[in-house]
Amino acid sequence: MARREDLGGGDVTSAMLPPDLQAHALFRARQPMVVCGCPFLETIAMSYDGAIVTRCHVADGAELQKGQLLAEWHGPAKHIMAAERVALNFLQRLSGVATTTRDYVRAIAGTRAGIYDTRKTTPGYRELEKYAVRAGGGKNHRKGLYDAVLIKDNHLAVLARAEGRDPISALGREIQRVRPYLGEHAFVELEVDTLDQFERALHVSDIDIILLDNMTIEQLRSAVALRDSLGLRGRVELEASGGITLASVREVALTGVERISIGALTHSAIAVDIALDIELE
């Protein structure tokens, strides 16, 4: 898809280059980063010209300093020039996600919490961006709407209207109804935004994770203490989410929650700076 939108009917600029001209292209980091996307370079190169040879010098997840070599291409100059932007778009975007994720993971080092992504991904890029999160040391939440249950505030609002009573109290029956259709590794998660909702949720069977949405540090600590006092640690995990930044994430982790989901890993990650320097052979 990326090749088609960029190349179209052909690279009219590179068409001016001699067809037999060979080039050596070097991918270099222009800033400190966590690299992600090197394994895709061969696939990208092959889609332009099977004569382009790819050599990767680092594994995805490696931390690089400014000036370090990521990978290199050898092959026809005109086709390397045509593939340059597509290759850099993938590398820069995915390395940006991995770098952002590593910053969050490093910020909570020594706590028992994990950093998780969300579904706030670039359309069409979800598998790639979730891979980049793993390369940065983070963990993947559900892939989509099909592989786990996440009951959010809008679901509760619809349930309340349908049931005519507290929707949380009706969840047990509904969860039992959908459980047989879930995969082996699927989970059931409920989002709450008040401690009153949280306390009621703790008494609903079959809930694996409770998402504490936009709660203060004091509320998070209270939720962890209440869960633990009921002997539910190890049975019900707690996830903090909403408005968490790199500056606040460690304080959140120290409350005792097991999971912290960060939409910014994918929706706000800044692409890193990578150069492709071409030398003629």
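## Ring contacts, sheets and loops in a predicted model

The charged end of Arg-259 is placed over the ring of Tyr-116, at 4.0 Å from the ring centre. In this predicted model, the charged end of Arg-259 also sits over the ring of Phe-187, where it lies 5.6 Å from the centre. Arg-259 appears again among the contacts of Glu-237, a residue of strand S10, which spans residues 237-241. Leaving aside neighbours within four places in sequence, Glu-237 is in contact with Asp-208, Ile-209, Ile-210, Arg-227, Glu-258 and Arg-259. With a relative accessible area of 33%, Glu-237 is partly exposed. Its C-alpha is 19 Å from that of Arg-119, a residue 118 positions apart from Glu-237 in sequence.

### The parallel strands around S8

Strand S8, residues 188-192, is mostly covered, since five of its five residues count as buried, that is, under 20% relative accessible area. Val-188, Leu-190 and Val-192 point one way from S8, whereas Glu-189 and Glu-191 point the other way, and all of these residues are buried. The two glutamates of this strand are thus buried along with the hydrophobic residues named beside them.

Strand S7, residues 149-151, pairs with S8 in the parallel sense over three bridges, and in this pairing Val-149 stands opposite Val-188. S8 also pairs in the parallel sense with strand S9, residues 209-213, over four bridges, with Glu-189 opposite Ile-209 of S9. The connection between these last two strands involves helix H7, residues 195-201, and S8, H7 and S9 together make a right-handed β-α-β unit.

Two residues in loops that adjoin S9 have a positive phi although neither is a glycine. Asp-206, with a phi of about 75°, has its place in the loop between H7 and S9, and at 33% relative accessibility it counts as partly exposed. Asn-214, with a phi of about 55°, is found in the loop between S9 and helix H8, residues 217-229, and at 52% relative accessibility Asn-214 counts as exposed.

### The antiparallel sheet and helix H2

Four strands form an open sheet in the order S3-S5-S1-S12, and their pairing is antiparallel. Strand S3 (53-56) and strand S12 (274-280) stand at the edges with a single partner strand each, so one side of each is left without a neighbour in the sheet. Neighbouring strands of this sheet are turned against each other by 15° on average, direction ignored. Within the sheet, strand S1, residues 22-29, and strand S5, residues 69-76, pair in the antiparallel sense over seven bridges, and His-24 stands opposite His-74 of S5.

Helix H2, residues 40-48, lies across S1, S3 and S5 and runs at about 20° to S5. One of the residues in H2 is Ile-44, which is buried, with a relative accessible area of 9%. Not counting residues up to four places away in sequence, Ile-44 touches Trp-73, Val-86, Ala-87 and Phe-90. By contrast, Ile-44 and Leu-202, which are 158 residues apart in sequence, are 49 Å apart in space, C-alpha to C-alpha.

### An aromatic pair involving Phe-90

Phe-90, one of the residues touched by Ile-44, also takes part in an aromatic pair. A search of the whole structure finds three such pairs. Phe-90 and Tyr-125 form one that is stacked, with 5.6 Å from centre to centre and 10° between the planes. This pair links distant parts of the chain, as Phe-90 belongs to helix H3 (residues 77-107) and Tyr-125 to the loop between strand S6 (114-116) and helix H4 (126-135), 35 residues apart. Phe-90 counts as buried at 16% relative accessibility, and Tyr-125 counts as buried at 17%.

### Accessibility of selected residues

The table gathers the accessibility values discussed above.

| Residue | Relative accessible area | Class |
|---|---|---|
| Ile-44 | 9% | buried |
| Phe-90 | 16% | buried |
| Tyr-125 | 17% | buried |
| Asp-206 | 33% | partly exposed |
| Glu-237 | 33% | partly exposed |
| Asn-214 | 52% | exposed |

How values were computed: Residues are numbered from 1 along each chain as its sequence is written. This is a predicted model: local features need pLDDT of at least 70, side-chain atom pairs count only at pLDDT 80 or more; totals for chains, interfaces and linings use all residues. Side-chain values use heavy atoms; hydrogens and water are left out. Buried means under 20% relative accessible area, exposed over 50%, partly exposed in between (1.4 Å probe, protein chains only). Two strands pair if DSSP finds at least two bridges between them. A crossover is right-handed if, with the strands pointing away from the viewer, the path from the first strand over the helix to the second runs clockwise. Axes are lines fitted to C-alpha atoms, for helices over the stretch in contact, and angles run from 0 to 180 degrees between N-to-C directions. Contact means heavy atoms within 4.5 Å. Rings of Phe, Tyr and Trp (its six-membered ring) pair if their centres lie within 6.5 Å; planes under 30 degrees apart count as stacked, over 60 as edge-to-face and the rest as tilted. A charge sits over a ring if NZ of Lys or CZ of Arg is within 6 Å of the ring centre and within 35 degrees of the ring normal.
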